[in-house]
Structures are given as C-alpha cells and as structure tokens.
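Thanks for coming. I will put the structure on the screen and then walk through a few places in it.

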Amino acid sequence: MTTLAPRQPDAAPAVYDAATLAVLAAMEKAADEHLDRIIPDNTKRGYANDWALWEEFHDWLAERTGHRMPSTAVSRGNLVGFVVWLDTIKLAAPASIDRRITGVTVTARGLGVEVAKAATVAARQALKPLKNDPERQVRGRGKAAAVTPEQLRQMNAAVTDGLTGLRDRALWLMAFSIAGRSAEVAALRAEAIVHVSQGLEVNVPAVKGRPPRDVVVHYGKNPDTCPVRAWLTWRAAAGITTGPAFLPITVHGRLGDRALSPEAVREIIARNAERAGLSVRLTGHSMRAGFITTSRRAGKREEKIREQSGHAENSPAFWGYIREADKWTDAASEDIGL
C-alpha cells in the first residue's frame, strides 16, 4: 500500500548572494543567445515579415480610428481583427494567416509582452472556417487579375457619392494610368502631379529601392474614366496643393493629414471592385497589370510601356504581361484553313 505524504507548504523564494545572482544572470543571457542562434534564418525572416504586417495592420487601424495604438497591444480583439484584415484586405491564404498568428505571438513574447492564450485561441477560431474554403486555399498561387477599361467603367458607375468617391475614382484611375504599384500610388505627392495642356506630368517617387520615374498621363476620351479630370476634381474638392496626393477620410468625412498606406490603396481598389460586382477580385496590382495589357492591345510600343511602368528591359513579369496581351494577335491557329 502506498503511503501518501502530506502536502508541504509552499517553499519561500530562495534568496541568493550577489555572486550567485550574477552567475544566474549570465546563464540566462547565454541561454537566450543560444536559443536565438538555433532558430533558422528563414524562420527569423518570416517572423520579421509577420511583425511588419502586424505594424501595417496597426497603421491601417489608425487611419480609421484616428489613434495609433502601440504595436505591443496584442489582445484578443486585435488578433481576431488581424485575421479578418489578412483575409479580406490582404487576401492571404489561410495557411499563411496561421503562420502570421504564430509569428506575431512569438515576436511579441520576445519583446516581453504577455499574450493571453485566449487571444490566440480566438484568432484560430476565426481562422477555422477560412481553412475549409477551397477558393481561399488557392490564394497567392496565380497572377493578379488585369483590370480592363470596361471594368473601370463599371467601378465608376458604382462609386459612392461625396468626397470619398471622388478620391477613390481618382486613385484607381491614377494607379492604372501610371501603371503604379500600391506603394508608389501611396507615395505620390500633389506638387509632383503637374497639369499641362495635354494632361498630367507625374513624378512617380522611388519606393523600396526602385528608382523614381517621370510619366505622362493623357486626357481620356471618356469623361467617366478620364484620369486627368478625376484628379483635378479630387484635388479641387479636397483643397490639395502640396503634400500627399491621396489622404484618408474618416467616417465623418474629415480629411486626414497623413498619406494613405499601400495597404489602404489596395483596400480601396478591392472594395470598389466588389461594390461594382465585378466577376473577378481585383488587387492593387490589377491596375498595373491592366495598364500594360490594355496599352499593348492598343498597339503601344514595348519600350513606351516600360517607361510608364518602370520595368527593367529583361523583366520576366513585364514580358509575361506582353505575352498575355499578344496571345490572340496573329495566333498560330488563325486562318490556317480549318
């Protein structure tokens, strides 16, 4: 028969002399350094990217709430909101979202933030139904849909009224006309968009190490999709002469004073495409891809298109767009006697 020993009272915390405390501190530091060394470099880069997205999510929240919370505010509500944002705005695949949750949690704890288990459990509960959606599972495995002029007209017909609608129309038409990346559109400056008799002369700023470029944007034949008229209307309504070309607008219709983030640019494009009921889901890159394919189908020379988009001469992405635009031109199966 086993004899059960009575429960002993909790021991008092040990008290150590200064020399012992110094050795323990050194061992703690050595342990941290060792654990950091054995983490693969790819994992570290992944965690850094996850945290960068977390910071971008907080910037996105700040544009809508008017208050930038510290990135160390990792709560149940924030993590669930992060999942929804990654799904609906970033169009991330569920597996990618799952990794992002882990990366943010690990990084936050490494910064000394206590992340409650209830927060990560709730985030994965929000993620669970997304993992069962076949369309979401294949996200990120194909090229961005290239927008067409007809789809731009559909978006124009469905755009909301008021200042927000004027901004959104000007933004997506500018993004299309300069073949701009979302980060480039977000970084545009009003004083660098100059109105001339033929249209606009636009300085596209350097972003992410890419060189700046100067492009021209002609007046469009259709007033509803003319990028020049759209820009001038938005500029006059917002009273913009210098500073960021596109600004956030609160739910009360007040203009912010900071530039939109690249993520906000992508969200505006995706939201307006959805509002218009387009059969494809557009992303920020859809405007860039759409300009290249549309311009090529209109007979524009490759070098002129590259000047507008800023692609290198040997860019595989650029030539992929050109091949897509040209595939029905003088097709091998055309007029061969069938």
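Start with methionine 174. Setting aside residues up to four places away in sequence, methionine 174 touches Leu188, Ile193, Leu200, Val202, Trp231 and Phe246, where contact means heavy atoms within 4.5 Å. Methionine 174 sits in helix α8, residues 162–177. Helices here are DSSP runs of H or I of at least four residues, strands are runs of E of at least two, and both are numbered from the N terminus. The relative accessible area of methionine 174 is 1%, so this residue counts as buried. The classes are buried under 20% relative accessible area, exposed over 50%, and partly exposed in between, with a 1.4 Å probe and protein chains only. The C-alpha atom of methionine 174 is 9.0 Å from that of methionine 287, and the two are 113 residues apart along the chain.

A word on the source. This is a predicted model, in which local features need pLDDT of at least 70 and side-chain atom pairs count only at pLDDT 80 or more, while totals for chains, interfaces and linings use all residues. Residues are numbered from 1 along each chain as its sequence is written, and side-chain values use heavy atoms, with hydrogens and water left out.

Next, backbone angles. Most residues other than glycine have a negative phi. Alanine 179 has a positive phi, near 50 degrees, and is not a glycine. Alanine 179 is in the loop between α8 and α9 (182–187), and its relative accessibility is 0%, so alanine 179 counts as buried. Aspartate 335 also has a positive phi, of about 50 degrees, without being a glycine. Aspartate 335 belongs to the segment after α14 (316–326). Is aspartate 335 buried or exposed? At 72% relative accessibility, aspartate 335 counts as exposed.

Alanine 179 comes up again with glutamine 308, a residue of helix α13, residues 302–309. Apart from neighbours within four places in sequence, glutamine 308 is in contact with Ser177, Ile178, Ala179, Arg213, Val215, Val216, Val217 and Phe291. The relative accessibility of glutamine 308 is 10%, which puts this residue in the buried class.

Now the domains. The domain assignment of the protein chain gives domain 1 as 20–139 and domain 2 as 149–326; such bounds come from an automatic or database assignment. The contact takes eleven residues from domain 1 and ten residues from domain 2. Between the C-alpha centres of the two domains the distance is 32 Å.

How much area is buried between domain 1 and domain 2? The figure is about 960 Å², and carbon and sulfur atoms give 48% of that. Buried area is the accessible area, with a 1.4 Å probe, that two parts lose on being put together, summed over both. On the domain 1 side, Glu63, Ile89 and Leu91 lose the most area to domain 2, together 51% of what that side buries.

Between domain 1 and domain 2 there are five residue pairs in polar contact, both residues at pLDDT 80 or more. A polar contact is a pair of N or O atoms within 3.5 Å; within protein, one must be able to donate a hydrogen and the other to accept it, and residues adjacent in sequence count only if both atoms are side-chain atoms. Two elements, α2 (41–65) and α3 (76–88), give two or more residues to the side of domain 1 that touches domain 2. The largest share of that side, four residues, comes from α2.

Last, salt bridges, meaning a side-chain nitrogen of Lys or Arg within 4 Å of a carboxyl oxygen of Asp or Glu. The whole structure has 25 of them, and three cross the interface of domain 1 and domain 2.

Arginine 136 and aspartate 87 form one salt bridge, with the closest N and O atoms 2.7 Å apart. Arginine 136 is in helix α6 (residues 134–137) and aspartate 87 is in helix α3, 49 residues apart. Arginine 136 is partly exposed at 22%, whereas aspartate 87 is buried at 5%.

Arginine 266 has two salt bridges to show: one to glutamate 56 at 3.3 Å, N to O, and one to glutamate 263 at 3.2 Å, N to O. Arginine 266 and glutamate 263 share helix α11 (residues 262–275), three residues apart, about one turn of the helix. Glutamate 263 is buried, at 0% relative accessibility.
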